[in-house]
Amino acid sequence: MSVMTEQSSTQVIAEGSVATIIAVVAHNTFFAMLPYMIVCLCIIILDLYYGIRAARKRGEEIRVSRAARRTIAKIFEYLCWLLIGAGLAVAFDAPWLDKTIVGAVLGIECISMFSNALYCKGYKIKGLDKALIKKIGQKEGIDTSDIEIIKEEGTTTTEEENHGNNQ
């Protein structure tokens, strides 16, 4: 007596159809996200490049194994974010959702890259993310008076002081 049971042809066709549909959706999702993956990879490589240059300028020890581990972790993390964005866009039938998630993740990485690049050019930027949020908030008419931007160690400026300096 055999432990295996026979499957009906209808069950085999149904399982094959479901597997094919899942494969087609995964294939289309992957190729729709491919341009974002390429952009992510380019930004990660640029961030690695400027991060190494900034670390050299600060006199820090550069360990190849740590840089490689962090870069590979970023690649997989961003791949996960891309897949989450694509999955949520399909699940909620919101094609803008994947682009929003990817934009937020890339924006965070660009802040890191630009702060390292500017440090290499001699600019010490602290609170670049806060300055960016404050600028966007002011442009959109949002109250940003509680956000402080650190200029130098120990001194801060508030929105009122910035307006007074600009006039």
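A crossing of two helices is called right-handed if the near helix is turned clockwise from the far one by less than a right angle, and left-handed if anticlockwise. Keep that in mind for the exercises below, which explore a predicted model.

**Exercise 1. Get your bearings: which elements does the chain have, and in what order do they run from the N terminus?**

Solution. Start with the inventory: there are five helices and two strands. Next, walk along the chain from the N terminus, and the order reads α-α-α-α-β-β-α. Then look at burial: of the 167 residues, 21% are buried. Finally, take the contacts with a separation of 6 or more: 54% of them join residues 24 or more positions apart.

**Exercise 2. Work out how H2 and H3 are arranged: are they roughly parallel or antiparallel?**

Solution. Begin with the axes, which come within 6 Å of each other and cross at roughly 155°. Angles over 145 degrees count as roughly antiparallel, so that is the label for H2 and H3. Now apply the opening definition: this crossing is right-handed.

To see who meets whom, find Lys-74, Tyr-78, Trp-81 and Leu-82 among the H2 residues of the contact, and Asp-98, Ile-101, Val-102 and Glu-109 among those of H3. Sorted by class, the contact holds 11 nonpolar, one polar and three charged residues.

**Exercise 3. Do the same for H1 and H3: at roughly what angle do their axes cross?**

Solution. The axes of H1 and H3 cross at roughly 20° and come within 8 Å. Since angles under 35 degrees count as roughly parallel, H1 is roughly parallel to H3. The handedness here is left-handed. In the contact of H1 with H3 you will find 16 nonpolar, three polar and seven charged residues.

**Exercise 4. Find the centre of the largest nonpolar core: which of its residues touch the most other members?**

Solution. This core has 13 residues, and those touching the most other members are Met-33, Cys-40, Tyr-78, Leu-82, Val-102 and Leu-106. Now ask where the core residues come from: H1 (9-58), H2 (64-91) and H3 (95-120) each supply at least two of them.

Zoom in on Val-102 next. Beyond its neighbours within four places in sequence, Val-102 is in contact with Met-33, Tyr-36 and Leu-82.

**Exercise 5. Compare three aspartates. For Asp-47, Asp-98 and Asp-93, decide: buried or exposed?**

Solution. The cut-offs you need are under 20% relative accessible area for buried and over 50% for exposed.

- Asp-47 lies in helix H1. Its relative accessibility is 6%, so Asp-47 counts as buried. Setting aside neighbours within four places in sequence, its contacts are Lys-74, Glu-109, Ser-112, Met-113 and Asn-116.
- Asp-98 belongs to helix H3. With a relative accessible area of 10%, Asp-98 is buried. With neighbours within four places in sequence again set aside, Asp-98 touches Met-33, Gly-85, Ala-86 and Ala-89.
- Asp-93 sits in the loop between H2 and H3. Its relative accessibility is 68%, so Asp-93 counts as exposed. There is one more detail to spot: Asp-93 has a positive phi of about 50°, although it is not a glycine.

Conventions
Residues numbered from 1 in each chain as written. Predicted model: local features only at pLDDT ≥ 70, side-chain atom pairs only at ≥ 80, totals over all residues. Heavy atoms only, no water. Core = buried A, V, L, I, M, F, W, Y, C linked by side-chain atoms within 4.5 Å. Buried < 20%, exposed > 50% of the residue type's maximum accessible area, 1.4 Å probe, protein only. Helix = DSSP H or I, 4+ residues; strand = E, 2+ residues; numbered from the N terminus. Contact = heavy atoms within 4.5 Å. Axes fitted to C-alpha atoms, helices over the stretch in contact; angles between N-to-C directions. Parallel < 35°, antiparallel > 145°, perpendicular 65-115°, else oblique. Nonpolar A, V, L, I, M, F, W, Y, C, P; charged D, E, K, R; others polar.
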